[in-house]
Structure formats: structure tokens, C-alpha cells
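Thank you all for making time this morning. I would like to walk you through one structure, beginning with a single residue and working outwards from there.

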Amino acid sequence: MTDIEMNAALCLSCRQLIDMPDTDGGEIICPVCGSPVHQRRKNSLQKTLALTLTALLLYIPANVLPVMTIETFADTSANTILGGVGELFNNKMYFIAAVVFVASFVVPLFKIGSILYLLTALRVRDKLPNAAKTRLFHLIELIGKWSMLDIYVITIMAGLVNMGFLIQIKGGAGATFFAATVIATMLASKSFDTRLIWDKKGEK
Amino acid sequence: MFMENLTVTAKVFTACAACGEAVVFESNSEEKIICTRCGSTVKKHGRNSALFVTAFSISAFMLFVPALLYPVLDISVSSLSSSATVLGSIKALYEEGLGAVGLLVLLTSVIVPMGFLLTCFYVAVSALLRRRLPMFIPAMRLANFFQEWHMADVFLVGILVSIVKLIDMSELTFDYGIYLLMLVCTFTAITEVYYDTLLFRIKAGNYD
């Protein structure tokens, strides 16, 4: 039995199930904690789609622009995200190269792809069971914040390596776009309401 | 007949936040409850959880302050040396014109984690005392929000990755800050494992 079949709504703040009043329209306020309650998140799909497309667009400058520049007395070199991974790989640090590659390249794309898949699966019939889709969503929520890894690496390196003319590491414009990409994907997954997957009629 | 009356406890009406299936359980239940339809956790295991969250959240919060102020890494290239603190690194980003990124790092790795620990502590103390302290509901809602955005653990791994990146061009040593930060992240992780909005709200009771 679902909340809609019972004509009830769940307060997402305190998780109390509340009876819906017969009069439709108007906001319901949770009697336990005073938060506004909706049966399903308002405009969930529109918000999720808009934020996912935003993330996809921001992802392009995030990968093209340098995220970090290394200035030594001899020369200046600018690194993009993939360039940094390549350098680690060339220095035979395969494990760390894999960690950074997965966290900053694979995870954002995987998140954007999964959310777009979940959105289309609401319209088109597909073979993946609802429980698997819910698990996929829990997974992208769990790994979402780890894409910020590269931003923190840049922060620490910029703060640490600051020795005047000898060597200096600075953050680049790509870092801003990359941080914005990660935030947009996180906001997208938070505005997606997984209950819509289960609301689809004619599926168990 | 009388025994029946004695054992009746209040029922809690809730629903799975992931699929909408209605769930009813007794308010003194300490078991973990899993949604029968989609497998998501509805309520976490309850025994001792308020005690664990109280202890670990306040410990992590107190360790957070020195973790921010002590340097995490020391570096030396030829004769020059330098060290990085968490706050100093954020300031460096700001001075290089990346103020927006600096602000984001400050929020996600300092302010939100500290806020999460503090609000968790408050909610857990309420649950331990079995009564709602003043501002219990705002604290609970803040804790829910902070839980989604705290990233101190990612920051710690970021420090470890930057060590590997820098190790061949300089001499690096760990400083006190990184050990403190490791403890903070471990304690925060334990806090998060046991923290549950629904469970603690029920334990704190329905009225002020």
C-alpha cells in the first residue's frame, strides 16, 4: 500500500506520514515539524532535467580549460584534468592516476548518464526492475561528492607550493567550471524524486 | 485483558522515502526497518545509537578546531620550505582569483561538516534525554541538510592525492593537522552511520 493509495503524504523533514485533507489545492503543513509537505517533490523532473543539462554544458569548459598552472623559474605549464591524469600515468603512479581518473572524469559522466537514463525510463518502457533503478540512484547519491576530489587537490597544492619565483602552483579557470559541474550534478540528483519510478502504472 | 492494555504502544506511521510504500511500526522498536518493496532503509538500528552519535559527534567537533589551525603538510624544495593549513590553502585560492572555488571549499569542508556535527550532537542529546530541547526541529532540519553536503572526507583523500603528486619534486612530511583530520573524518563517519532523523525524532518524543 503506498502513500498515494492511502491518500497520505510523507514529510521529508521528519518522515511523518500525514493524511491529506479532502480539500485539494493549498499547501499542507506537517503537524509534527511545520515543514511544507507535498506528496511528490514539486516539479521534480523539470528541475532534474534542467540541472543535468547545465552540468553537461559546464563539463565542457571544465575539461578544456586548465585547472592548475605550475610556474617555475624556467617555464609555465598549464594542466587540464585529463592532462593531470596523464602525467600521473607517465610517472608510473597507476593507482593514483586511476583514482583521480575515476573520481573526476568517470563519476560525473556516469552520474549525468544515469540521471538521464532514469528520466527517460519514466517515459519509455525498459527491462531494468524498479528496485535496481532505486539502487542505481542510491549509488549515484553516494559517489556524487567524490567528484570534488580534484578541487581539493588543487586547493592543497595551491596552498602548499607557494615559493615565489622558484616554484608556484596556482588554480585555473577550469576549476571554477569543474566545481560548478559537480554542484549541478549533486543538485540534480537531490531534486529527483525516486518515488516517481514506482508510481508508474502497470509495473510491479 | 489488562495485560493487553499495558503492552499497547504508540504506532509510528511513515513511508519509504525512496518508493512511497507506507510503513507502520511500534514507536519503541529498536530494530532496523527495511522497505519491503524497494529495499531502502526506512529506520536504522536503534540500540545505543543516540549514545554513539552524542559521543562521536562532539569528539569530532572538538578535534576539528586544531585540525584546521595546525599545518597538515610540510614541504621543502632545495632550501625553501613551506607548510599548508586548511584555512591557509583556502585563502591562497581566494588570493589567486578563485574566490568562488575557495568559498565552496570553505563551505563543504569546514562550515557544513562542523555544522553537521553540532546539530547531530544536539539532536542526539535530545534523543538521549527523551525530550525535545528548545529548537529541536530546526536543528534536525539543519542536520538533514548538512548531511547531504559535508565533504571533509573527500578533502582528506584530496590531501593524500596531492602528496603523491608532489612527492617526486619535493620533500614532504606529514604534520599534526593530517592526523587530527583523519580522526575527525573517522568520527564523522561513525556519527553518520548511526544518525537517523526518524529514529531520533521518535526517541525525543512528540512534544516539547
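**From one residue to the interface**

Let me begin with A:Leu53, which counts as partly exposed because 14 C-beta neighbours lie inside 10 Å of it, whereas 20 or more would be needed for a residue to be called buried. Please keep in mind throughout that this is a predicted model.

A:Leu53 belongs to helix α1 of chain A, which covers residues 44–64. If we ask how far A:Leu53 is from A:Thr194, which lies 141 residues away along the chain, the separation of their C-alpha atoms comes to 19 Å.

Turning to the helix as a whole, α1(A) has 21 residues, which at 1.5 Å a residue should span 30 Å, and since the end C-alpha atoms are 31 Å apart, the expectation and the model agree. Which residues of α1(A) are buried? They are A:Thr48, A:Leu51, A:Thr52, A:Ala55, A:Leu58, A:Tyr59 and A:Ala62, and these buried residues pack against α3 and α6 of chain A.

At the level of domains, the assignment for chain A gives domain 1 as residues 1–39 and domain 2 as residues 43–199, and the centres of these two domains, taken over C-alpha atoms, are separated by 35 Å.

Now to the contact between the chains, where 52 residues of chain A are in contact with 50 residues of chain B. On the side of chain A that touches chain B, at least two residues each come from α3 (94–121), α4 (130–143), α5 (149–160), β7 (162–163), β8 (167–171), α6 (173–191) and α7 (195–199) of chain A. The element that gives the most is α5(A), with 10 residues, and the residues of this side of chain A divide into 31 nonpolar, 15 polar and six charged.

To see what α5(A) meets, we need a sheet in chain B, an open one of three strands in the order β6-β5-β7 with antiparallel pairing. Its edge strands, each pairing on one side only, are β6 (80–84) and β7 (171–174) of chain B, and neighbouring strands are turned by 20° against each other on average, if direction is ignored. Strand β5 of chain B, residues 73–77, pairs with β6(B) in the antiparallel sense over five bridges, and B:Ile75 stands opposite B:Ser82 in β6(B). Against this sheet packs α5(A), which touches β5 and β6 of chain B and whose direction makes about 140° with that of β6(B).

Note on methods
Residues numbered from 1 in each chain as written. Chains lettered and ligands numbered in written order. Predicted model: local features only at pLDDT ≥ 70, side-chain atom pairs only at ≥ 80, totals over all residues. Contact = placed C-beta atoms within 7 Å. Helix = DSSP H or I, 4+ residues; strand = E, 2+ residues; numbered from the N terminus. Nonpolar A, V, L, I, M, F, W, Y, C, P; charged D, E, K, R; others polar. Domains from an automatic or database assignment. Buried ≥ 20, exposed ≤ 12 C-beta atoms within 10 Å, placed from the backbone. Pairing = 2+ DSSP bridges. Axes fitted to C-alpha atoms, helices over the stretch in contact; angles between N-to-C directions. Expected span 1.5 Å × (residues − 1).
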